[in-house]
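Reader: I am new to this structure. Can we go through it in short questions and answers?

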Amino acid sequence: MDQFTFIFDILLPALMQGLVITLQLIVCSAPFGLVLGIGVAAGRQYGGPILSRICKMFVLLIKGTPLLLLLFILYFGLPSIGITLTAFTAAVIGFILCNGAYNSEYIRGALLSIKDGQMIAAQALGMTRAQAIRNVILPQALRRAIPGLSNEFIYLIKYSSLAYMITVVELSGAGKNVATKYFIYTETFMVVGIVYLVLVTITTVAVSILEKHVSVPGTSRSTSAAQM
Amino acid sequence: MDALSILIDWSSYIATGIATTLGLVLIALGLGVLLGLPMALGQVYSSRPVRWAIGIYVWFFRGLPILVLLFLFWFGIFPGIGLGNVPAFVVGAIVLGLRGAAYQSQIFRGAIQSISEGQMIAARSLGMSRFTAIKSVILPQAVRIALPGWSNEYPNMLTDSAVCYAIGITELLTVTSRIVTQTYLTMPIFLAAAGIFILLNYGGLKILHALERKIEIPGFGSGAV
């Protein structure tokens, strides 16, 4: 069997199945990660002393724990206290927690960059605090957070590979299974790597289009383009 | 038997896990500086083909998941070039280091580029060679500017080192999961491991921030360039 046949007839079909799972993991995690990030950042910034402390603690704990350990806790640990999750669910929850914690840091930075006067002005116009946050602060802050959030999205793509360690056969896992079966390691993982590079590169391009699309003329600061 | 006494029984094994994790992190960070700093200089000061090659390297190592890189080097590249007998620890440290170099080079590059070009021109006009100017004028400033960003590489490297579990390095996470399979006590052991990682994380950051303050030059902050 030559390399060409191996890559196109065996490896790529297997990887496509894995890629579907990888994309499912990302699609299930990213939106909730964003929502969690916004919630935690807003809680830290605008919540009372107790809520903001809880949010800060959450970020500190999640950022300090390796994601792989977090996945082990969710998948292998939780059943011992009576909560059994499927591997896919455990992975998604782990990614949401991790993604949310990191996202919250960027969103918080963006919230801090919006002047206090805007909140005061909004309240002077009769908006409630929640309305002001939703209609005045967040629309500006989220735009400023796009470069950071897109970095985290790219990390999510790459760290979704860790789901394989708790038995979810996604892209890396599919590659590993083929590699082990045919004893062809270097080529297999290079191809797997290229698929990730394609995903990451597509995301980078998509983010720069998004950034242009949502930018409000005259309000953008010189934000650096998203890095990988 | 309760969790605490199990942890005490296994404490020396846990200690070897911590030592292995810290060994991985320190070697990889060191390798990252050794490779990342020259790469940053190359990206700023050298010819187009060199810049291009470094760009490809950075793109490759930052675009691939750490798990895939570990698999690629452990199962593929090292045995492929006849180094199949190299211990997993060495492969893990090298992979983390090569990947760290790609990230660190970009931190250093940003710092170097933040120093105005006039300084290089001024140094040259004083008769310094390009090399001396970089060594005595540019780098002492750039390294100080880079340090706060560089400090973030430590927690990243620490959490990434746990992925070395996948190639069987007996670092903290591997040790933890082995204790779990021996004792059937899952949650307390995993949570203890998380606690240790968090302590290592913030302890290390404290040391790095102290270092930042120590090498700080009064009046010369990263904002005051």
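Author: What follows is a set of questions and answers on a predicted model.

Reader: How many helices and strands does chain B have?
Author: Along the sequence, chain B reads α-α-α-α-α-α-α-α-α-α. Its C-alpha trace spans about 75 × 45 × 25 Å along the principal axes. The count for chain B is 10 helices and 0 strands.

Reader: What share of the contacts in chain B join residues at least 24 apart?
Author: Chain B has 225 residues, and 37% of them are buried. Take the contacts between residues at least 6 apart in sequence. Of these, the share that joins residues at least 24 apart is 78%.

Reader: How many residues of chain A are in contact with chain B?
Author: Chain B brings 29 residues to these contacts. Helices H3, H4, H8, H9 and H10 of chain B each supply at least two of them. By type, the chain B side has 21 nonpolar, 7 polar and 1 charged. On the chain A side, the number in contact is 33.

Reader: Which helix gives the most to the largest nonpolar core?
Author: Nonpolar side chains tend to be buried together in soluble globular proteins. The largest nonpolar core here has 123 residues. Among those with the most contacts inside it are Leu68(A), Leu162(A), Leu70(B) and Val163(B). With 13 residues, the helix that gives the most is H4 of chain A.

Reader: Is Leu67(B) buried or exposed?
Author: Leu67(B) lies in helix H4 of chain B. Setting aside residues up to four places away in sequence, it touches Ser161(A), Leu162(A), Tyr164(A) and Ser172(A), along with Val163(B) and Ala166(B). A residue needs 20 or more other C-beta atoms within 10 Å to count as buried. Leu67(B) has 28, so it is buried.

Reader: Where does helix H7 of chain B bend?
Author: This helix covers residues 130–151 and bends by about 45°. Its buried residues include Ala142(B), Ile145(B) and Trp150(B). Among the elements covering them are helices H5, H6 and H8 of chain B. A proline, Pro140(B), follows within four residues of the bend, which is at Ile138(B).

Reader: What span should helix H2 of chain A have?
Author: Helix H2 of chain A runs over residues 49–64. Its buried residues are Cys55(A), Val59(A), Ile62(A) and Gly64(A). Their cover includes H1 and H4 of chain A, together with H10 of chain B. The end C-alpha atoms are 22 Å apart, which agrees with the expected span, because 16 residues at 1.5 Å a residue should give 22 Å.

Reader: Which residue just after H9(B) takes a positive phi?
Author: H9(B) has 12 residues and reaches 16 Å from first C-alpha to last, close to the 16 Å expected. Leu172(B), Val175(B) and Ile179(B) are among its buried residues. H3 of chain A helps cover them, together with H2 and H10 of chain B. Just after the helix, with a phi of about 60°, comes Tyr184(B).

Reader: Which residues of chain A have pLDDT below 50?
Author: The mean pLDDT of chain A is 91, and 95% of its residues reach 70 or more. One stretch is below 50, although it has 17 contacts in the model beyond near neighbours in sequence. Where pLDDT is low, the predicted coordinates should not be read in detail. In chain A, the stretch below 50 is residues 222–228.

Technical notes
Residues numbered from 1 in each chain as written. Chains lettered and ligands numbered in written order. Predicted model: local features only at pLDDT ≥ 70, side-chain atom pairs only at ≥ 80, totals over all residues. Contact = placed C-beta atoms within 7 Å. Helix = DSSP H or I, 4+ residues; strand = E, 2+ residues; numbered from the N terminus. Nonpolar A, V, L, I, M, F, W, Y, C, P; charged D, E, K, R; others polar. Core = buried A, V, L, I, M, F, W, Y, C linked by C-beta atoms within 7 Å. Buried ≥ 20, exposed ≤ 12 C-beta atoms within 10 Å, placed from the backbone. Bend = angle between axes of the 7 residues up to and from the residue. pLDDT = per-residue confidence, 0-100. Expected span 1.5 Å × (residues − 1).
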